[in-house]
Amino acid sequence: MPVPASARPLDLVPHRRYNPLLRQWILVSPQRTQRPWQGETTKQTASPGLTYDPSCYLCPGNIRSGGQHNPAYKSVFAFDNDFPALLPDIQPDSDAGPDSSPLLVAEPERGRCRVLCFHPDHSLTLARMAVAEIAAVVDAWADETAALGDLPWINHVQIFENRGAMMGASNPHPHCQIWATEHIPDEPLRELAAQQAYLAEHHSCLLCDYVATEIAQAQRIVCQNDSFVAVVPYWATWPFEALVLPVRHMGSFTDLTRIERTGLAAILKAVTTRYDNLFEVSFPYTMGFHQRPTHGQAHDFMHFHAHFYPPLLRSAEIRKFMVGFEMLGMPQRDLTPETAAERLRALPEKHYAD
């Protein structure tokens with residue numbers, strides 16, 4: 001039987017929690033927070049603090065790897081990725097015929113890959129940008145979603161940011177990637193199916209109900225404003241994972257009002273500032289938005305949201321790895337989501353470096 005949500009007893013005993021978005025279980029082992037650590041530590045490299053780096057291929061006016069010159073941009077700047085993971089014009093594999101093994105299946109995947117620079121200042125991150133500057137990024141996300149989604153062969157637009165070398169970011173300049181794909185990728189497709197099934201069973205929106213539950217319980221909220229709330233989700237896998245949710249039901253960036261765009265910008269700054277303040281480093285993470293598909297079907301049950309997946313565990317030098325039981329059995333965490341939310345919520349809104 002599932003363990004019901006309760007305030008503090010679950011901080012003491014191993015238990016598992018259900019993730020309704022992915023329809024999978026998470027093992028929580030809070031007693032393991034006391035174990036000694038002799039595993040890998042990773043020294044954080046300090047940001048160079050350069051507002052302009054002549055060797056950076058994303059800075060204004062510089063030459064990119066493909067030979068193109070960036071304009072002297074003053075705000076956001078978007079362009080087609082010079083080394084895209086997807087291509088818009090590909091042909092089906094002529095070798096794949098009816099005699100192929102059902103265990104060896106492949107098919108073409110068309111797509112567009114875009115890069116969006118948040119700011120001309122090389123040294124900045126979302127945590128160090130002004131809310132108005134982040135709102136310009138939100139506007140660009142909405143514009144990119146609309147433009148890419150209008151392509152008749154594009155069915156999903158995935159916006160994501162890998163922040164920090166620990167998360168594989170190849171360039172520290174503030175930027176994100178936008179991959180628009182012919183098919184809906186597995187993770188948002190699983191969430192879409194879960195939300196559709198929840199609607200069929202409960203006759204309500206899964207994430208609308210979850211927002212109401214989190215606001216009522218007030219145990220896992222990190223920060224909130226009139227338009228958005230950020231929580232460490234009840235089923236979080238990563239130690240300081242966060243889920244950013246609009247209070248109003250909506251399905252896409254294109255549904256955001258002007259006030260809500262500013263609200264999203266403010267909540268992104270509030271979350272990333274708390275992340276940096278936690279260990280007083282530029283906090284690494286992967287962040288991405290899930291929104292409704294762009295293939296023309298309504299999907300009214302889809303609730304727009306963003307995931308933050310940061311790897312740091314006990315300090316700036318110790319990270320969580322998904323290994324062993326987590327790869328072979330199910331995801332597992334030590335720190336309870338309630339404790340993680342308490343730590344993040346208690347941090348100041350002002351950045352430690354200011």
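Visitor: Which residues are linked with Arg 17 in a network of salt bridges?

Guide: Arg 17 shares that network with Glu 214, Arg 220 and Glu 338. Bear in mind that this is a predicted model.

Visitor: How many salt bridges does a search of the whole structure find?

Guide: The search turns up 16 salt bridges. In general, side chains of opposite charge can pair when their charged atoms come close.

Visitor: Which side chain does Asp 82 meet in a salt bridge?

Guide: That's Arg 64, with N to O at 2.7 Å. The two come from distant parts of the chain, 18 residues apart. Asp 82 sits in the loop between strand 3 (77-80) and strand 4 (111-117), while Arg 64 is in the loop between strand 2 and strand 3.

Visitor: And is Arg 64 buried or exposed?

Guide: Arg 64 counts as buried, because its relative accessibility is 8% and the cut-off for buried is under 20%. Its partner Asp 82 has a relative accessible area of 24%, so Asp 82 is partly exposed.

Visitor: What about Arg 114, what does it form a salt bridge with?

Guide: Arg 114 pairs with Glu 144, and their closest N and O atoms are 2.9 Å apart. Arg 114 is in strand 4 and Glu 144 in helix 1 (residues 131-149), so to speak 30 residues apart along the chain. Both residues of this pair are buried.

Visitor: Which parts does the pair of Asp 139 and Arg 258 tie together?

Guide: Asp 139 lies in helix 1 and Arg 258 in helix 4, so this pair joins parts that are 119 residues apart in sequence. Their side chains meet in a salt bridge at 3.1 Å, N to O. Arg 258 is partly exposed, at 47% relative accessibility.

Visitor: Sticking with helix 1, what is Val 131 in contact with?

Guide: Leaving aside neighbours within four places in sequence, Val 131 contacts Thr 262, Ala 265, Ala 266 and Lys 269. Val 131 itself is found in helix 1. Its C-alpha is 9.1 Å from that of Leu 264, with their positions 133 residues apart in sequence.

Visitor: Why does Val 131 count as partly exposed?

Guide: Because its relative accessibility is 28%, and partly exposed runs from 20% to 50%.

Visitor: OK, on to the inside. Which residues touch the most other members of the largest nonpolar core?

Guide: They are Trp 141, Val 244, Phe 253, Leu 264, Tyr 275, Phe 289 and Phe 308, out of 57 residues in that core. Helix 4 (residues 258-279) gives the most to this core, with nine residues. As a general point, nonpolar side chains tend to be buried together in soluble globular proteins.

Visitor: What does Phe 308 touch?

Guide: Not counting residues up to four places away in sequence, Phe 308 touches Glu 241, Ala 242, Val 244, Leu 268, Val 271, Thr 272, Tyr 275, Tyr 285, Thr 286 and Met 287. Apart from the largest core lies another one of 15 residues, including Ile 26, Leu 207, Tyr 210 and Trp 235.

Visitor: And on the surface, which residues form a nonpolar patch?

Guide: Phe 321, Val 323, Met 327 and Leu 328 do, with about 460 Å² of accessible area together. Phe 321 is in the loop between strand 11 (305-309) and helix 5 (325-328). With 36% relative accessibility, Phe 321 is partly exposed.

Visitor: Switching to cysteines: how many disulfides does a search of the whole structure find?

Guide: Zero. For Cys 113, the nearest cysteine sulfur belongs to Cys 176 and is 12 Å away. Cys 113 is buried, at 4% relative accessibility. Cys 223 is in no disulfide either, and its nearest cysteine sulfur, that of Cys 208, is 19 Å away. Cys 223 is buried as well, with a relative accessible area of 9%.

Visitor: Backbone now. What is phi of Arg 23 near?

Guide: Near 55°, so a positive value in a residue other than glycine. In general, most residues other than glycine have a negative phi. Arg 23 sits in the loop between strand 1 (15-19) and strand 2 (24-28), and it is partly exposed at 45% relative accessibility.

Visitor: Where is Glu 280?

Guide: Glu 280 is in the loop between helix 4 and strand 10 (285-290). Its phi is positive too, about 55°, although it is not a glycine. Glu 280 has a relative accessible area of 51%, so it is exposed.

Conventions:
Residues are numbered from 1 along each chain as its sequence is written. This is a predicted model: local features need pLDDT of at least 70, side-chain atom pairs count only at pLDDT 80 or more; totals for chains, interfaces and linings use all residues. Side-chain values use heavy atoms; hydrogens and water are left out. A nonpolar core is a set of buried Ala, Val, Leu, Ile, Met, Phe, Trp, Tyr and Cys residues joined through side-chain atoms within 4.5 Å. Buried means under 20% relative accessible area, exposed over 50%, partly exposed in between (1.4 Å probe, protein chains only). Helices (H or I, at least four residues) and strands (E, at least two) are DSSP runs, numbered from the N terminus. Contact means heavy atoms within 4.5 Å. Patches are made of residues with over 30% relative accessible area and no salt bridge: like charges are joined within 9 Å, nonpolar side chains (Val, Leu, Ile, Met, Phe, Trp, Tyr) within 5 Å. Accessible areas come from the Shrake-Rupley method with a 1.4 Å probe; for residues, only the protein chains shown count as cover. A salt bridge is a side-chain nitrogen of Lys or Arg within 4 Å of a carboxyl oxygen of Asp or Glu. A disulfide is a pair of cysteine sulfur atoms within 2.5 Å.
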